[in-house]
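Okay, thanks everyone, let me get the screen up. I'll talk you through this one chain by chain, and then we can look at how the parts meet.

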Amino acid sequence: MTYVWHLGVMVSLYIAVALSLNLVIGESGLLSVCQAAFYGIGAYASTLLVMKAHWSFGASIIGTLVFASLSAICIGLPSLRLRGDYFVLATLGFQIILYSVLYNWADLTNGPNGIPGIPPPRVFGIELASPYRYCTASFAMAAVIGGFTLVIVRSPFGRLMQAVRDNEVAAASLGKNWLLVRLTAFAIGAGLTAVAGAFYAGYARYIDPTSFTVMESIFMVSIVVVGGAGNFRGPAVGAVVLVLLPEGLRFLQIPEAIAANLRQVVYGMALVLFMLFRPKGIAGKYGFD
Amino acid sequence: MLVQLIANGLANACLTALMATGFALIYNTTRIFHLAHGSVYVVAAYAYYAAAQYLHWPQFVAVTFAVAVGTFVGCAIELLAYSPLYRKQASTTIYLLTSFGLYIALINTVALLFGNEVRVFPTTQQSAVSLGPVLLTGIQLLEVATSIVVLAPLMILLRKSNWGRLIRAVRDNPTLASTTGVNLASVRRFVFAAGSALAGVAAVLAVLDVGADPQSGLPVLLIAIVAVIVGGIGSFGGPILGSMIVALLQSIAIWQISPKWSQAITFGILILFMIFRPTGLLGIRRRIEEVIE
């Protein structure tokens with residue numbers, strides 16, 4: 001049963017990440033490849049706030065949200081002026097720089113050794129020590145984040161994001177500040193992902209930089225793209241499918257070492273085939289055109 | 001110390017230049033941000049490793065085989081993935097995502113066949129040669145010699161030959177080129193073949209120098225892309241200059257700051273260039289040339 005709760009936690013975390021990344025990729029049309037860096041910023045910031053500054057878990061979530069959004073603004077201001085391939089390249093560059101900071105700033109992050117012994121978070125006086133409790137809490141977190149993205153998308157600001165995505169010049173001619181709209185979407189996406197990252201740190205109890213690599217960022221992008229970008233269903237479906245897929249390989253009795261590579265072959269091919277034959281993904285709305 | 005670092009850097013720059021020129025050849029002509037170029041490199045590296053280590057083919061045959069496999073994979077990607085997208089007039093985002101997918105699928109297929117660990121090539125003699133104040137290994141000299149032998153004729157061909165003129169015409173304006181009777185599909189196939197062959201050459205040299213690693217594709221390609229941007233998008237000689245500059249800056253960073261920050265500094269340079277000098281170093285000159293022509 002513990003295994004089922006574990007899967008529940010992982011699916012919830014990735015649903016939260018996918019829905020917040022969807023604000024950037026799906027609703028704003030920005031293919032950002034540094035989401036794992038924000039996930040990592042969230043994990044490290046909340047852990048350091050709890051362990052070194054002795055904040056409560058709830059307060060650290062707020063701090064993480066603010067900190068990650070501010071870092072996203074610093075990254076977004078230069079990157080968002082670039083278009084298409086160059087925006088993707090800039091976010092790739094920032095992903096590598098942030099990974100390098102997590103890896104090399106040993107005084108703060110303990111470098112490649114990571115931070116062990118993270119205490120289980122306490123929420124409303126309940127210690128989230130058992131997998132069942134953690135699953136419930138992370139599901140609630142995913143639901144709050146999902147609900148929040150839904151509110152944003154349905155608000156006038158959501159329509160503005162889609163307008164800037166579909167025709168930047170037309171939006172600008174109506175007096176809309178496209179840079180501000182994109183920057184806001186980028187910052188919100190980063191902040192929400194960081195919250196999921198904080199829950200990841202509290203669950204894993206140990207974090208090190210290797211969980212926040214370029215490949216992890218590409219995996220997050222694949223979740224949104226394979227599931228389908230531009231609506232609520234798509235990214236959620238993508239998270240469920242791509243997180244549970246490797247577990248299916250486990251039941252087929254495929255050895256662990258091979259399964260890791262096989263899983264990546266499968267999702268790489270899925271990405272290619274969806275782009276060739278169905279750019280909207282399994283259940284998405286936006287086809288990157 | 002610094003001179004030695006610079007010499008090592010320039011030897012590395014030769015590998016980067018091979019990758020960067022291949023990428024630029026493809027990007028300038030087709031506007032496809034071909035990240036799967038990194039997987040062509042990985043596949044060619046393991047083709048060479050398998051031919052030389054497992055099959056014990058003679059050196060010359062193994063190198064030819066590796067370059068041929070690289071060329072084949074590059075052309076297969078163009079024919080099976082990019083061409084259909086081109087016919088659908090897909091957006092650049094779709095090309096990029098396809099490229100990401102191909103990269104992941106290919107390098108992990110290689111990892112399934114050969115394992116995830118680095119395969120070091122037992123080189124027969126790692127003899128060092130001293131040239132004045134610097135000490136270079138035989139393989140580093142081979143890297144420099146090979147890249148000159150490969151890149152110099154390519155640059156001349158791109159300037160002088162008929163094929164070079166066609167490629168430059170497609171680079172400048174694909175629609176106009178096709179209305180004057182240029183077969184776009186065959187030019188695209190040609191640049192994919194040539195670019196992938198360059199990646200194959202770089203891969204063989206890298207296997208001899210540091211060994212084969214399935215995860216090395218993206219890092220190697222990204223440094224090459226930095227060199228392309230620094231050198232100037234649109235220029236064919238720019239990436240070579242860019243590779244040298246990136247290597248020099250990396251050497252200085254290693255010397256003055258610390259080796260562990262060299263990656264962060266490289267990508268910092270990339271972002272600075274994209275914002276403040278998006279045309280790169282040779283980008284502007286190309287425009288003047290166009291005016292003169």
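So, chain A has twelve helices and two strands. This is a predicted model, by the way, so keep that in mind throughout. If you walk along the sequence of chain A, the order is α-α-α-α-α-β-β-α-α-α-α-α-α-α. The radius of gyration of chain A comes out at 18 Å, and the globule rule gives 19 Å for 289 residues, so chain A is as compact as a globular protein of that length. In terms of extents, the C-alpha trace of chain A spans about 55 × 45 × 35 Å along its principal axes.

How much of chain A is buried? Of its 289 residues, 52% are. And for those of you who like contact maps: take the contacts in chain A between residues at least 6 apart in sequence, and 76% of them join residues at least 24 apart.

Okay, chain B. Here we have twelve helices and two strands, and the pattern along the sequence reads α-α-α-α-β-β-α-α-α-α-α-α-α-α. For chain B the radius of gyration is 19 Å, close to the 19 Å from the globule rule for 293 residues, so chain B is also as compact as a globular protein of its length. The box around the C-alpha atoms of chain B, taken along the principal axes, is roughly 55 × 40 × 35 Å. Buried residues are 51% of the 293 in chain B. On the contact side, among pairs in chain B at least 6 apart in sequence, 76% link residues at least 24 apart.

Now, how do the two chains meet? On the chain A side there are 35 residues, in contact with 33 residues of chain B. Which helices of chain A each supply at least two residues to that side? Those are helix H4 (84-104), helix H10 (214-227) and helix H12 (256-277). H4(A) gives the most, with 13 residues. By class, the side of chain A that touches chain B splits into 25 nonpolar, seven polar and three charged residues.

While we're on H10, let me stop at one residue there. Glu216(A) sits in helix H10 of chain A. Is Glu216(A) buried or exposed? Partly exposed, in fact: it has 19 other C-beta atoms within 10 Å, and the cut-off for buried is 20 or more. Leaving out residues up to four places away in sequence, Glu216(A) touches Ala36(A) and Ser211(A). As for Ser130(A), the C-alpha to C-alpha distance from Glu216(A) is 26 Å, with their positions 86 residues apart in sequence.

Last stop, a helix pair inside chain A. Helix H2 (residues 35-51) and helix H3 (residues 57-79) of chain A have axes that come within 9 Å and cross at roughly 140°. That angle is why H2(A) and H3(A) count as oblique to each other. The crossing of H2(A) past H3(A) is right-handed. On the H2(A) side, the residues making the contact include Phe38(A), Ile41(A), Gly42(A) and Ala45(A). From H3(A), you've got Phe57(A), Ser60(A), Ile61(A) and Gly63(A) among them. What classes of residue make up this contact? Ten are nonpolar, six are polar, and none are charged.

Right, that's my tour. Over to you.

How values were computed:
Residues numbered from 1 in each chain as written. Chains lettered and ligands numbered in written order. Predicted model: local features only at pLDDT ≥ 70, side-chain atom pairs only at ≥ 80, totals over all residues. Axes fitted to C-alpha atoms, helices over the stretch in contact; angles between N-to-C directions. Helix = DSSP H or I, 4+ residues; strand = E, 2+ residues; numbered from the N terminus. Parallel < 35°, antiparallel > 145°, perpendicular 65-115°, else oblique. Left-handed = near helix turned anticlockwise from the far one by under 90°. Contact = placed C-beta atoms within 7 Å. Nonpolar A, V, L, I, M, F, W, Y, C, P; charged D, E, K, R; others polar. Rg over C-alpha atoms; globule rule 2.2 N^0.38 Å. Buried ≥ 20, exposed ≤ 12 C-beta atoms within 10 Å, placed from the backbone.
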